[in-house]
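Below are some points on this structure for a colleague who has not seen it before. Please read them with the sequence and the model open.

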Amino acid sequence: AAFEERLSEGPVMFDLDPFNTNLDGNPRRLVRIQMRLELLDAQGFEEAMQLGAQARDRVVQLLNRKTFDDIETVQGKLQLKNQIITQLNGFLDKGVVQNVYFSDFLIQ
């Protein structure tokens, strides 16, 4: 489909399975994040469904390098969102992740 046609379809939401992993720093803290991706169009949705272990692993690695102080602020969460968007778009050919929404963000 032409790019203009794809734009008229509007964005599509896609929920990823929750991520549970450790943060960097002491004391050890566990973070649980549930994310919803906003994709440019339905074509991106199809591709996002195929996002495999490699893409999930990249997000986990990103989280593992974060400390509690890095992500407890609104600013920190925004930075994390932008980094996740960049990482995931690196795995997509046709699809475009426009935004990431955290539906669950729990640090223990």
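1. Read from the N terminus, the order of elements is α-β-β-β-α-α-α-α-β. That amounts to 5 helices and 4 strands. The model is a predicted one, and the points below should be read with that in mind.

2. On overall dimensions, the C-alpha atoms occupy a box of roughly 50 × 25 × 20 Å along the principal axes. Of the 108 residues, 35% are buried. Among contacts with a separation of 6 or more, 69% join residues that are 24 or more positions apart.

3. The surface exposed by the protein is about 6,400 Å², and 47% of it comes from carbon and sulfur atoms. The protein has 12 positive and 16 negative charges, and the mean positions of these two sets lie 8 Å apart.

4. Helix H5 runs over residues 74-89. Does its length come out as expected or not, and what is the reasoning? With 16 residues at 1.5 Å a residue, the helix should span 22 Å, and its end C-alpha atoms are 23 Å apart, so the two values agree.

5. Which residues of H5 are buried? They are Gly 76, Leu 80, Lys 81, Ile 84, Ile 85 and Leu 88. A lysine, Lys 81, is on that list. The buried residues of H5 pack against two strands, E3 (30-39) and E4 (97-107), and against two helices, H3 (53-64) and H4 (68-71).

6. Side chains of opposite charge can pair when their charged atoms come close. How many salt bridges are there in this model? The count is 2.

7. One salt bridge joins the side chains of Arg 36 and Asp 15, at 2.8 Å from N to O. Arg 36 belongs to strand E3 and Asp 15 to strand E1 (residues 12-15), so this pair links distant parts of the chain, 21 residues apart. Arg 36 has a relative accessibility of 36%, which means that it counts as partly exposed. Asp 15, with a relative accessible area of 41%, is partly exposed too.

8. The other salt bridge is between the side chains of Asp 104 and Arg 32, with an N to O distance of 3.3 Å. Because Asp 104 lies in strand E4 and Arg 32 in strand E3, the pair ties together parts 72 residues apart in sequence. Asp 104 is partly exposed, at 28% relative accessibility.

9. Arg 32 deserves a separate look. Is Arg 32 buried, exposed or partly exposed? Its relative accessibility is 31%, and buried would require under 20% while exposed would require over 50%; Arg 32 is therefore partly exposed. Leaving aside residues up to four places away in sequence, Arg 32 touches Pro 18, Phe 19 and Asn 20, as well as Asp 104, Phe 105 and Leu 106. The C-alpha atoms of Arg 32 and Phe 105 are 5.9 Å apart, although 73 residues separate the two in sequence.

10. One backbone detail should be checked by eye. Which form does the peptide bond from Asn 26 to Pro 27 take, cis or trans? The bond is cis, with omega near -5°. Pro 27 sits in the loop that runs between strand E2 (19-22) and E3.

Note on methods. Residues numbered from 1 in each chain as written. Predicted model: local features only at pLDDT ≥ 70, side-chain atom pairs only at ≥ 80, totals over all residues. Heavy atoms only, no water. Expected span 1.5 Å × (residues − 1). Buried < 20%, exposed > 50% of the residue type's maximum accessible area, 1.4 Å probe, protein only. Contact = heavy atoms within 4.5 Å. Salt bridge = Lys/Arg side-chain N within 4 Å of Asp/Glu carboxyl O. Areas by Shrake-Rupley, 256 points an atom, 1.4 Å probe, with all protein chains shown as cover. Lys, Arg positive; Asp, Glu negative; His and termini not counted. Charge placed at Lys NZ, Arg CZ, Asp CG, Glu CD.
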